[in-house]
Amino acid sequence: MVTDLVRGRVRTLLRVAWVLAALLAVPAADLIAGGVGHLRPPAVPLVACDPYFSIWSPADRLTDAETIHWTGKPHRLTSLVRIDDKTYRVLGTEPADLPALPQVRTEVFPTRTVCTFEGEGVRLRLTFLTPALPDDLEVYSRPVTYVVWEAQRLGPQDHAVQVYFDAGPEIAVNTPDQPVEWADKSLRNLMVLRVGTRAQPVLEKKGDNLRIDWGYFHIAAVKTDGPATAFGNGPALRRQFANQGWLTAEPGETDAGPRPAQSAPVLAVSINLGRVSEEPTVRPVILAYDDEFSIQYLEQNLRPYWRRQGATAAQLLEQSALEFDRLRARCERFDAELMADLVKAGGEEYAAICALAYRQCVAGNKLVVDARGRPLMFPKENFSNGCIGTVDVLYPMAPQFLLLSPALTRAMLTPILDYAGSDRWKFPFAPHDLGTYPHANGQVYGGGERSEEKQMPVEETANLLILVAALATVEGHAGFADPYWAMLERWAGYLKEKGFDPERQLCTDDFAGHLAHNVNLSAKAICGLGAFARLCELRGDQVRAREFLALARDWAARWAKDADDGDHYRLAFDQPGTWSQKYNLVWDRLLGLNLFPESVFRKEMDFYRGLQNAYGLPLDNRKDYTKLDWILWTATLTRDRGDFAALTGPVYRFLHESPSRVPMTDWYDTKTGRMVGFRARPVVGGVFLQMLYAEEIRGKWAARAGGQAPAGLESLAVPAMYWGDTSRLGRPFAKDPSVIHFQGRQWLYYSMPPFGDGRTNDGWAVGIATSTNLVDWRKVGEVLPAQECDRKGLAAPCAIVIEDKVHLFYQTYGNGPRDAICHAVSRDGTHFERDPSNPVFRPTGDWNNGRAIDAEVFPVGDRLLLYFATRDPAGRIQMLGVAGADLKSDYSRAAWTQLCDGPILRPELPWEQQCIEAPSLCRRGEVLYMFYAGAYNNAPQQIGVATSRDGLKWTRLLTSPFLPHGKPGTWNASESGHPGVYVAPNGETHLFYQGNNDRGRTWYLSRVKLDWTERGPVLAGE
């Protein structure tokens, strides 16, 4: 009784608080958001799939306004909840006479918007989940958003809960007078409702303020969840649910139309959650839009990427339902990890900005597939001019994709580069766009393909050179640039001629008009030349790299002198007393060019900090308006967290307080916080730029997403596992893999390079990472030099589990012929006790030079055999030997006996050149198989196979490499080497190996699965 009284008083106080908030004009978001870092978005993203399937709530609470398409037109979604026979609104304004369940929190994450409601003893979370996972292009491209209800009791009593959802047919039309048809398309396991226009004008219209009017909108619910579905009059169905808690089809609504969308039935579903308890009850509904064809590119209609193998709408829905639990968990992990990294890089407010920007950037792009199987991504220039594939939209939005998906970065650059390299583009500079969305049939901006009128020659040319170099920097090689190299050279020549002091022309801030002698545009051209130098370096052309880097540095020195205006740098070289944000300078540090002195960045930042208005730093001295993306770039110039917070804080405040309730605008007034122009544009992906400075974070995400290279694009394809350790050099670098199964998971031991900065005890070391799926690896430890024998370094680990302990055999490093094999033991896989007799083995005999490296141990009979690589007395030829120890010994130095008086395998085949090393063994029945590396590193090294029955006498299985290096331009063109074979507990065989494309500047570890035939191993699928 007392508890009920207290609960009643609490409910009363909450209602009073909401009333007072309204009366005193306290923003409700301050009550909902829950404090700093929990942003009140100007509009809340709900469905965030692509420029057509993009639905938002323009209010603090979901019940305060009808939902809209990003253009502002109604795309109405409604949800009700019935708790113990009382019905409440949780989404939408209708029925107006039903009360709204109090919404206590709104949280926007990269893939989810989570709105929490509490009342009548129940907590209800309504989540809109769009699984835009950047490391999985198949899932990323699906036009699917899950609407998820999660209910649980707040007090001691269970409660009966039912939920209702409907969507308006206007989601499938451009204008409400267009006739639509609807149908029940239920499947074996799903209840499915569908609506679409009768005319189906596929890809007929192009323009900015448009909605889609072809394809079909679907709502689907899993039959085992017990849903009821109906087409009907919206108010009538909602009233029916409010009164009864379930749905039946309205009389007269079972026909299929056609009828104008404005009078057509809604698509509705209700689900009985039963009596909810402490354990949350979760039920999803799937919203999907199948457009069949998405983009017209150079007169060809292209299908969405998820349809690349002929998938149908029914298959899309079935697969989405089947994978809901898994994708929900993946999205929660992705969101948590990315948000943690964002907080680490820029703070809670920065993380909140990025989460909102991520969803908007995803919704501003469309991923399709071309006839060659390549993924192509096209952004739309929303509420600007409707252009598609605009280069100065690609430029600001690129950081989100450079960080999280090199594959999507390639997908966004490929269409414009292919077009620029075609016969249609006649100019010596880069194009501005590909057309008007969704028609990517050639430039329409300015003079189009006809003249240089109103072009952006320096802007777009430098943009593309910078972006291609940024991609190459992230990937560690310039393979993507190869097909376009002659064009990139021409563009570098154009910048060399025109870039330093640009003529009167437009830049990306074209709304500000033409400007001559633009200092910020000059900075972009200088960075563009530096970017070209970087590409030359990655391609191995050191002469041209030095030439263009020297030119860029000369220009940077001139720039600092000619643009100097005392305590800052000018807007234009010939306009003293002016200023502008120099956001283009960010690439100097991100590309490692070091063109401008730190004093330039410091002087500009000090000046900026004295110019800010309530909602941010103006773009330049001409107006009070600004660009949100450019502020977030400018904030990074000094790489000082205090400066970063000083510039980003007002941007957060703008988003939190702006009276313009539209999807995030990037062009707004810094004094009033009102939108000036633009909304929902994908350029906001640029806010992720701060993350690109964090090399360890950047390397982690890039390596993780590397496995999603374009299908069918041989010159770019990378394997599913594509991992490198960035902790020491800031770029992926891991060699010599050895994998074991221990304590329920996989463990990877690998070689790590020295820091190379002169620190004490610097040298090669062994890294340790773990995985549960053989693809995603997390670093958990290191084995560092600790004994006199390995004080210069240790490398090439071999791990084996014996009697629940991990035995690690490894070589010393840096001692030439004195390098030898060492041994250590661990009970937990990470902390090792070294053998006091280390090194435990080095070979003897006049056939070798006394060196032993690349240890491999394998039990044969009652012995543990130790295979090693050594060299001939002259130190030129690398070959293999073997030693043995009793399996029950302690494997110390006294335990080992050399079992050969000559090499057991030496280079004989042409591809092996002068080296055989890195043996790795497995057994199939009575036969031992040895995978070995032939040729020295990057010669190129490749992998061969030999067989034996006793472990001592070996015969080559093949005369050609079993696993060759990649073709020119591929990720492993320089090498596929140092094998590490792993047999999983389920009997599957996997071959780990190292590879690179830049002759050893980076090193990645990868894996292929092996199948077995009567003749021996084959790559799975061959």
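A residue counts as buried here when its relative accessible area is under 20%. Keep that in mind for a pair of rings I will come to shortly. What we have is a predicted model.

I will start with the aromatic rings. The model holds 56 aromatic pairs. One of them joins Phe 500 and Phe 573, which are stacked, with 5.4 Å from centre to centre and 25° between the planes. Phe 500 sits in the loop between α11 and α12, and Phe 573 in the loop between α13 and α14, so this pair ties together parts that lie 73 residues apart in sequence. By the definition I opened with, both Phe 500 and Phe 573 are buried.

Ring pairs also build a cluster, made of Tyr 395, Tyr 583, Trp 587, Trp 630 and Trp 633.

Two arginines sit over rings. The charged end of Arg 303 is over the ring of Phe 293, 4.1 Å from its centre. Arg 539 lies over the face of Trp 485, at 4.0 Å from the ring centre.

Now the cavities. There are nine of 30 Å³ or more. The largest holds about 160 Å³ of space. Its lining has 18 residues, and nearest its centre are Cys 507, Asp 509, Asn 518, Leu 571 and Arg 622. That lining splits into seven nonpolar, seven polar and four charged residues.

The second largest cavity has a volume of about 120 Å³. It is lined by 13 residues, with Cys 49, Tyr 140, Ser 141, Asn 365 and Leu 367 closest to its centre. Which strand gives the most to this lining? Strand β20, residues 365-369, with three residues. The lining of this second cavity has seven nonpolar, three polar and three charged residues.

Note on methods
Residues are numbered from 1 along each chain as its sequence is written. This is a predicted model: local features need pLDDT of at least 70, side-chain atom pairs count only at pLDDT 80 or more; totals for chains, interfaces and linings use all residues. Side-chain values use heavy atoms; hydrogens and water are left out. On a 1 Å grid over the protein atoms alone, a cavity is a set of points where a 1.4 Å probe fits but cannot get out, and a pocket is an open set with protein on both sides within 12 Å along at least five of seven lines; lining residues have an atom within 4 Å of a point. Grid points are joined across faces, edges and corners, and a volume is the space filled by probe spheres set on the points. Ala, Val, Leu, Ile, Met, Phe, Trp, Tyr, Cys and Pro count as nonpolar, Asp, Glu, Lys and Arg as charged, and the others, Gly among them, as polar. Helices (H or I, at least four residues) and strands (E, at least two) are DSSP runs, numbered from the N terminus. Rings of Phe, Tyr and Trp (its six-membered ring) pair if their centres lie within 6.5 Å; planes under 30 degrees apart count as stacked, over 60 as edge-to-face and the rest as tilted. Buried means under 20% relative accessible area, exposed over 50%, partly exposed in between (1.4 Å probe, protein chains only). A charge sits over a ring if NZ of Lys or CZ of Arg is within 6 Å of the ring centre and within 35 degrees of the ring normal.
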